[in-house]
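Hi everyone, thanks for making time this morning. I'd like to walk you through one structure, so let's put it up on the screen.

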Amino acid sequence: MAKSLPATPGTNFPRLPLTVSHAAFEPASSLLSRLAARNGARSMFQFCGDIAFPVDPLFRGEKVAIEQLAQLVGCHAAALEKVSIRYLSNGHFRLRDEFASLQSFQRARVRVCPQCVRAEVPSAAESWRLPRRLHWKFSSIRSCADHECMLVCLPAEKFYKDAKDFAAQLRKCHGWILDQPVAQANCSAFELYLTNRILNGRGERWFDCLELNVASRACEVLGLRIAKGPLAALKGHSESEWMSYGAQGFDILKDGPSALSDCLAAMAREDGLDSRFFGRLFGPWMAWLKSRGLGDEFEPLRDVVRRHVFNNFSVRKGVLVLGVASDGIVSLNEQQSLSLEGYAKRNAEDLISRGLAERDAAGDIIPMSFVTQKMLDAYEREKMSFRAAGYSSRNAADEENAQCGSLISVSEAARRLRVTAKTVAYMVQHGLLCGLAASGR
């Protein structure tokens, strides 16, 4: 077919009888796919084999392959290179001066706007008419701003390479796309920002300085923590929910590090939360930042969170917070202390003897700063189990010694009381057991 055609000046490729125009937002892979469909090829790979075009270098975003495609189509190579993604290594990609990772893209599934297909592709035979938008490739773009509807994922292909042939996918799934219900969705400021940044480049704000994969995912995870609380999981959410989370997170992060720090401080003031431990308080937000898969490009974001933790939480010296050891500076940590209620309040004196509570300046008994509600619940269960067995925590060791008729070692006491040796030492220190330090009995 095309092999018998005369060559295009300046290249070794044949002059094509039919060509397509390059859209400003269309990546090179989509342009090549439409060119193949326009010239009647069954697939982009067959077309490239017929004209001996190097398709793999084009998928990697190599400059020479992009220039060859520009000559073949008759468009500007600079415009084509501006919207083409270049593969670096180890799952990392480059788009102009933007950095992205595998998680930034929908690679195995093709997403399209059903309304764009209806408007630009009247039949399956004319699938070449619709250029793929570059921003449709990104995971965080889930709606079409032109038609205010959700994008749809085409059925998965058996082989990954088939998902790269955009025009062939449209031709194959044209009827399926038309049968899909249109889900209306307002394009948020978050998606509009990402779209503009992908197509036109970044700005100069602090948020713009974050790499593209950091900025997009950070908005979604922060919004998840704000909407669902500290116990929310990072998985199991619908596309519409992620859109909502991204919009909420963007409202905070777009205003810079001070706005993020204020948001983290507001989390500590939420009712019903134990605000002394930042890991539990920040929940999915902190769990995501601690992920091993995140590279050095996340460090500016980690640094803001780390400084907030050091300035507002009491962290022991040497404890790692997002990879950096704490200096052990105790902050004021103006958090609401735990109050004693119910069984714990009736046994407050015993809590003092155990080192779990203390008297304040007014004479009231308050729990120590490290005590949690789970610890008080465990204390109540322990007391109840001793009472049910006819023991008390104070005379348990005395009864053991009476049965033995002599002193026993710390390890033996721990075995009989079914606790650790460290717990036995703690009980001796606070007068709950009698021991002789010299002999270790």
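Before we look at the pocket, a quick word on classes: Ala, Val, Leu, Ile, Met, Phe, Trp, Tyr, Cys and Pro count as nonpolar, Asp, Glu, Lys and Arg as charged, and the others, Gly among them, as polar. Please also keep in mind that this is a predicted model.

With those classes in hand, what does the lining of the largest pocket have by class? There are 12 nonpolar, 15 polar and six charged residues. The space inside this largest pocket comes to about 700 Å³. Its lining is made of 33 residues, and if you want to find the centre on your screen, look for Ser 101, Gln 103, Ser 104, Arg 217 and Trp 288, which lie nearest to it. Two or more lining residues come from each of β3 (98-101), α8 (189-200), α10 (212-228) and α11 (239-253). Of the elements, α10 gives the most, with five residues.

Let's step back to the whole chain for a moment. The protein chain holds 21 helices and 11 strands. Of its 441 residues, 45% are buried. Take the contacts between residues at least 6 apart in sequence: 58% of them join residues at least 24 apart.

Met 243 gives us a nice local example. This residue sits in helix α11, and it counts as buried because its relative accessibility is 11%, where the cut-off for buried is under 20%. Which residues does Met 243 touch, leaving aside neighbours within four places in sequence? Its contacts are Arg 142, Ser 143, Met 150, Ala 185, Asn 186 and Glu 191. Cys 187 is 56 residues away from Met 243 in sequence, yet their C-alpha atoms are 8.8 Å apart in space.

Now to two helices. Helix α12 covers residues 257-268, and from its first C-alpha to its last it reaches 17 Å, close to the 16 Å expected. Its buried residues are Ala 259, Leu 260, Cys 263, Leu 264, Met 267 and Ala 268. The cover over them includes α10, α11, α13 (278-282), α14 (284-289) and α15.

That brings us to α15 itself, residues 299-312. With 14 residues at 1.5 Å a residue, this helix should span 20 Å, and its end C-alpha atoms are indeed 20 Å apart. Have a look at which of its residues are buried: Leu 301, Arg 302, Val 304, Val 305, Arg 306, His 308 and Val 309.

Next, the cysteines. How many disulfides are there? The count is zero. Cys 149 is in no disulfide, since the nearest cysteine sulfur, that of Cys 113, is 3.5 Å away, and a disulfide needs the two sulfur atoms within 2.5 Å. Cys 149 is buried, with a relative accessible area of 0%, whereas Cys 209 counts as exposed, at 51%.

Last stop, two backbone details. Leu 322 has a positive phi, near 55 degrees, and it is a residue other than glycine. You'll find Leu 322 in the loop between β8 (320-321) and β9 (324-325). Arg 418, also not a glycine, has a positive phi of about 60 degrees, and it is in the loop between α20 (410-417) and α21 (421-429). Are these two buried or exposed? Leu 322 counts as buried, at 12% relative accessibility, while Arg 418 counts as exposed, at 79%.

That's my tour, and I'm happy to take questions.

Technical notes
Residues numbered from 1 in each chain as written. Predicted model: local features only at pLDDT ≥ 70, side-chain atom pairs only at ≥ 80, totals over all residues. Heavy atoms only, no water. 1 Å grid on protein atoms, 1.4 Å probe; cavity = no way out; pocket = protein on both sides within 12 Å on 5 of 7 lines; lining within 4 Å. Points joined across faces, edges and corners; volume = space filled by probe spheres on them. Helix = DSSP H or I, 4+ residues; strand = E, 2+ residues; numbered from the N terminus. Expected span 1.5 Å × (residues − 1). Buried < 20%, exposed > 50% of the residue type's maximum accessible area, 1.4 Å probe, protein only. Contact = heavy atoms within 4.5 Å.
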